[in-house]
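Biologist: I'd like to learn how to read a structure feature by feature. Could you walk me through this one?

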Amino acid sequence: MMPLIRSSGIFLWSHMKYRFFNANVMISPEQNIFKGELCTDGADIVYVGKKKNEGFIADREIDCNGNLLMSGFCNAHSHAAMSLFRGIADDLPLEKWLFDRIFPMEDHLTEDDVYWGTLLQIAEFVRNGITCFADMYFYPDTIYEAAKKSNLAVALCGGTNGESNEKDLRFIRDHVDLYSTMSDRVRYIIGLHAEYTCEENLISDVSDIAAEYGSKTYIHLSETLKEVGDCTVRHNRLTPPQYLHKLGFFENGGLAAHCTYCDKDDLALLKQCGVVPVVNAASNLKLASGVAPVYSMLRSGMKVALGTDGSASNNATSMFREMYLFSCLQKEAMKDASAVSAEEALTAATVNGYEALGFRGGVLKTGNFADIILIDLAAPNMRPLSDVKKNLVYSADSSNVLMTVAGGKIVYENGKYDIGEEISTIYLEAEHRRDRLFKEAGFKE
């Protein structure tokens, strides 16, 4: 693997050309897999095809040995630094989990905590083939620093809450301005935490800023039945989507995490507004929040993306598990084994997430990011090769990821990480910070 070069405190990586050959190539879930090769130059894909790319001189040629090249996954909803809270707020319903355990620890978070927690999560991301993520958490500049060192594409999604104030509104404007032209591997999406944590004046003011910039918006939406019921009581029978629509929050489309309790009218409204639901099946199951109506979303023509949520509620960031649940929960809910196909789950985990966040990825084609993963087809859980796409959703797990390439940089390969800091250092820092936060919040082992 290429070593990182530190210059003036900034991690750099050498501009490399790679040729991946002797591969089974899945351009997208909708297209047939074929035997061929793929070439990258720096951050981008420059060739995908069945024949050799004659004349291309690579810095490294990688024999894929018949394994599968496909797009990296897009985790369209995460709170990366919450990896520090993994395992310390389990077996609790959402409100107790959030207000009694998570918020008290978050009160003591520092920028350094967020940096190391984000890097710990990024290590898990790349081990699981995730090359792009949306993150809603504190200290977005620090999140970007960690993402930049690891070369993952990141959409920073504001999570402001409370009452409207000039400081928060200025912060949003400054960050939209800062990240709008910084890099094509970072986005800033104007966001709020949730209807139930935001006063109406804040939602209205943030909606105005989004309209001014022509920006998408992001929010947690209709995650629990209690959230929906309380909203209808507070706002004259309006559900969270209806209430936010009234305030103009989705004027330019956006993303909404969870959407567990959106009925057909809510879904029709969200579709009309150009909102992409981001389903977090494992987190919602573990918190007993419910099962999102994915079948209805897809059949209504909505594009749906996948997220893992944070490691404090999931507790893993496996897109393989999310794809499995995305499909199989609907089969049970609809009593129909054909309800949501493996191909639809793969599309949600790749194409739809990249598109919703505004990144050129999710499909292996010339000009797109070289966000690529190599999947082990020789492993017993993938054999026989009756249907590779079905196996990816119903059989595969993180152990099948042999290599993860993010923006043309090999960030994970056969147990080795190249994400900006030594993996052993990340583990030590995470353990130290978890212990401090636990004590400062007043908790006992």
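Modeller: Sure, let's begin with the largest pocket, which has a volume of about 900 Å³. Its lining counts 40 residues, and the closest to its centre are Y137, F138, G159, T160 and N161. Keep in mind that this is a predicted model.

Biologist: Which element supplies the largest share of the lining of the largest pocket?

Modeller: That's α1, with six residues. At least two residues each come from α1 (94-106), α3 (140-150), β10 (153-157), α4 (166-179) and β11 (186-194).

Biologist: And how do the lining residues of that pocket divide by class?

Modeller: The lining of the largest pocket has 19 nonpolar, 12 polar and nine charged residues.

Biologist: Now for enclosed space. How do you find that?

Modeller: The general idea is that you roll a probe the size of a water molecule over the atoms, and it shows where empty space is left. In this model, there are two cavities of 30 Å³ or more. The largest cavity holds about 50 Å³ of space.

Biologist: Which residues line the largest cavity?

Modeller: The lining is made up of V279, A281, G290, V291, A292, V294, L325, F326, L329 and Q330. Helix α11 (residues 319-334) gives the largest share, four residues. By class, you get eight nonpolar and two polar residues, with no charged ones.

Biologist: Let's turn to helix packing. What should I look at?

Modeller: Two packed helices are described by the angle between their axes and the distance between the axes. Take α3 and α4: their axes come within 12 Å and cross at roughly 25°. Angles under 35 degrees count as roughly parallel, so α3 and α4 are roughly parallel to each other.

Biologist: Which residues meet where α3 packs on α4?

Modeller: From α3 there are P140, D141 and Y144, and they meet F171, H175, L178 and Y179 of α4. This contact has five nonpolar residues, one polar and one charged. Remember that α3 and α4 each supply at least two residues to the lining of the largest pocket as well.

Biologist: Got another pair with an angle I can practise on?

Modeller: Try helix α2 (residues 111-127) and helix α15 (residues 423-440), which pack at an angle of about 130° with their axes 9 Å apart.

Biologist: Why are α2 and α15 oblique to each other?

Modeller: Roughly antiparallel needs an angle over 145 degrees, and roughly perpendicular covers 65 to 115. The angle of about 130° fits neither, so α2 and α15 are oblique. The crossing of α2 past α15 is left-handed. On the α2 side, the contact is made by D112, D113, W116, L119, L120 and A123. On the α15 side you'll find I423, T425, I426, Y427, E429, A430, R433, R436 and L437. By class, that contact has nine nonpolar, one polar and five charged residues.

Biologist: Last topic: the backbone. Where are the cis peptide bonds you'd point out?

Modeller: One is the bond from N314 to N315, with omega near 10°. N315 sits in the loop between β15 (305-306) and α11. Another cis bond joins R383 and P384, where omega is about -5°. P384 belongs to the loop between β16 (372-375) and α14 (388-394).

Biologist: What is the phi of C259, and is the value positive or negative?

Modeller: Phi of C259 is near 55°, so to speak a positive value in a residue other than glycine. Look for C259 in the loop between β13 (254-258) and α8 (264-273).

Key: Residues are numbered from 1 along each chain as its sequence is written. This is a predicted model: local features need pLDDT of at least 70, side-chain atom pairs count only at pLDDT 80 or more; totals for chains, interfaces and linings use all residues. Side-chain values use heavy atoms; hydrogens and water are left out. On a 1 Å grid over the protein atoms alone, a cavity is a set of points where a 1.4 Å probe fits but cannot get out, and a pocket is an open set with protein on both sides within 12 Å along at least five of seven lines; lining residues have an atom within 4 Å of a point. Grid points are joined across faces, edges and corners, and a volume is the space filled by probe spheres set on the points. Ala, Val, Leu, Ile, Met, Phe, Trp, Tyr, Cys and Pro count as nonpolar, Asp, Glu, Lys and Arg as charged, and the others, Gly among them, as polar. Axes are lines fitted to C-alpha atoms, for helices over the stretch in contact, and angles run from 0 to 180 degrees between N-to-C directions. A crossing is left-handed if the near helix is turned anticlockwise from the far one by less than a right angle, and right-handed if clockwise. Contact means heavy atoms within 4.5 Å.
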